[in-house]
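Here is a short report on one protein model. Please keep the sequence and the 3D view open while reading.

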Amino acid sequence: MGIRARTLTATGMAAAAMLATLGVSAPADAAEAKSLMIGGELEIADLDLLAIKAVGATNTEGKTTGTYEATLLAGDDDNPLPFTVKGPITCIHTDGDTASLVYPISATDPNLIPAPLQDALAVQITVRKGDPSKVGVNGPAPTGSFSGCEPAATPYEFDGDIEIK
């Protein structure tokens, strides 16, 4: 192998290592446009614990946009607690009646995130349409620990609307 080939190989490996360290990854299924809308409550033992609102889309170039908001509930959707988590949707995966999204925690209401920790943690939400529909929450975990958003477990019932395209 010549010096030029070794230099190019070493440069490519260094660039890949740097991108991996930064948590930068190519979007999954970038050639396919996807959209997802979720509105409803995560339930455990017939108690509403989390109101979920999400609207997002991924275009054919792999750019994902959208917003996620979750509000804690005190047993039913008529009793929201004064705590909401918000963030931009950065990844969407769809497959039939199953969808998943990842969002970094950008804000809370009331604001409890110090500026240096904004977007440091992320959460994955997976939903499965059915009778009953199901939802799962993975995280919060360090934002860089999510590479893509393949669906995860959905152990909780979901009472609401799920639109997957």
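Is Ala45 buried or exposed? Ala45 is exposed, because its relative accessible area is 70%, and the cut-off for exposed is over 50%. The model is a predicted one.

## Overall layout

The protein has 1 helix and 10 strands. Along the sequence, the order is α-β-β-β-β-β-β-β-β-β-β. The helix therefore comes before the strands in this pattern, with helices and strands taken as DSSP runs numbered from the N terminus.

The protein has 165 residues, and 34% of them are buried. Take the contacts between residues at least 6 apart in sequence. Of these, 45% join residues at least 24 apart.

## Backbone features in the loops

Ala45 sits in the loop between strand 1 (34–44) and strand 2. Its phi is positive, about 50°, although Ala45 is not a glycine.

Asp119 is another non-glycine residue with a positive phi, near 70°. Asp119 is in the loop between strand 7 and strand 8. Its relative accessibility is 33%, so Asp119 counts as partly exposed.

Pro110 is also in the loop between strand 7 (107–109) and strand 8. The peptide bond that leads from Asp109 to Pro110 is cis, with omega near 5°. A cis bond also runs from Asp131 to Pro132, where omega is near 10°. Pro132 belongs to the loop between strand 8 and strand 9.

## The disulfide

How many disulfides does a search of the whole structure find? The search finds 1. The disulfide joins Cys91 to Cys149, with an S to S distance of 2.3 Å. The link spans distant parts of the chain, as the two cysteines are 58 residues apart. Cys91 is in strand 5 (residues 91–95). Cys149 is in the loop between strand 9 (133–142) and strand 10 (156–164).

The torsion about the S-S bond of Cys91 and Cys149 is about -85°, so the disulfide is left-handed. Cys91 has a relative accessible area of 14%, so Cys91 is buried. Cys149 is buried too, at 4% relative accessibility. Both values fall under the 20% cut-off for buried.

## The tyrosine pair

A whole-structure search finds 1 aromatic pair. Why does the pair of Tyr68 and Tyr103 count as stacked? The ring planes of Tyr68 and Tyr103 are at 20°, and the ring centres are 4.0 Å apart, so the pair is stacked. The cut-off for stacked is planes under 30 degrees apart.

The pair links distant parts of the chain, with the two positions 35 residues apart in the numbering. Tyr68 belongs to strand 3 (residues 64–75), and Tyr103 to strand 6 (residues 98–104). Tyr68 and Tyr103 are both buried.

## Ile125 and its contacts

Ile125 lies in strand 8. Ile125 is buried, because its relative accessible area is 1%. Neighbours within four places in sequence aside, Ile125 is in contact with both tyrosines, Tyr68 and Tyr103. Its other contacts are Ala99, Ser100, Leu101, Val135, Gly136 and Val137.

Ile125 and Tyr103 are 22 residues apart in sequence. In space, their C-alpha atoms are 8.4 Å apart.

## Thr58 at strand 2

Thr58 is part of strand 2 (residues 47–58). With a relative accessible area of 4%, Thr58 is buried. Which side chain makes a polar contact with the side chain of Thr58? The partner is the side chain of Thr64, at 2.7 Å.

Thr64 is also among the residues that Thr58 touches, once residues up to four places away in sequence are left out. The others are Glu32, Ala33, Lys34, Lys63 and Ile92.

## The second largest pocket

The volume of the second largest pocket is about 210 Å³. Its lining has 16 residues. Nearest the centre lie Leu50, Ala70, Leu72, Val85 and Tyr103. Tyr103 is also a member of the stacked pair.

Several elements give two or more residues to this lining: strand 2, strand 3, strand 4 (80–88), strand 8 (121–128) and strand 9. Strand 3 gives the most, with 4 residues.

Conventions. Residues are numbered from 1 along each chain as its sequence is written. This is a predicted model: local features need pLDDT of at least 70, side-chain atom pairs count only at pLDDT 80 or more; totals for chains, interfaces and linings use all residues. Side-chain values use heavy atoms; hydrogens and water are left out. Rings of Phe, Tyr and Trp (its six-membered ring) pair if their centres lie within 6.5 Å; planes under 30 degrees apart count as stacked, over 60 as edge-to-face and the rest as tilted. Buried means under 20% relative accessible area, exposed over 50%, partly exposed in between (1.4 Å probe, protein chains only). A polar contact is a pair of N or O atoms within 3.5 Å; within protein, one must be able to donate a hydrogen and the other to accept it, and residues adjacent in sequence count only if both atoms are side-chain atoms. Contact means heavy atoms within 4.5 Å. A disulfide is a pair of cysteine sulfur atoms within 2.5 Å. On a 1 Å grid over the protein atoms alone, a cavity is a set of points where a 1.4 Å probe fits but cannot get out, and a pocket is an open set with protein on both sides within 12 Å along at least five of seven lines; lining residues have an atom within 4 Å of a point. Grid points are joined across faces, edges and corners, and a volume is the space filled by probe spheres set on the points.
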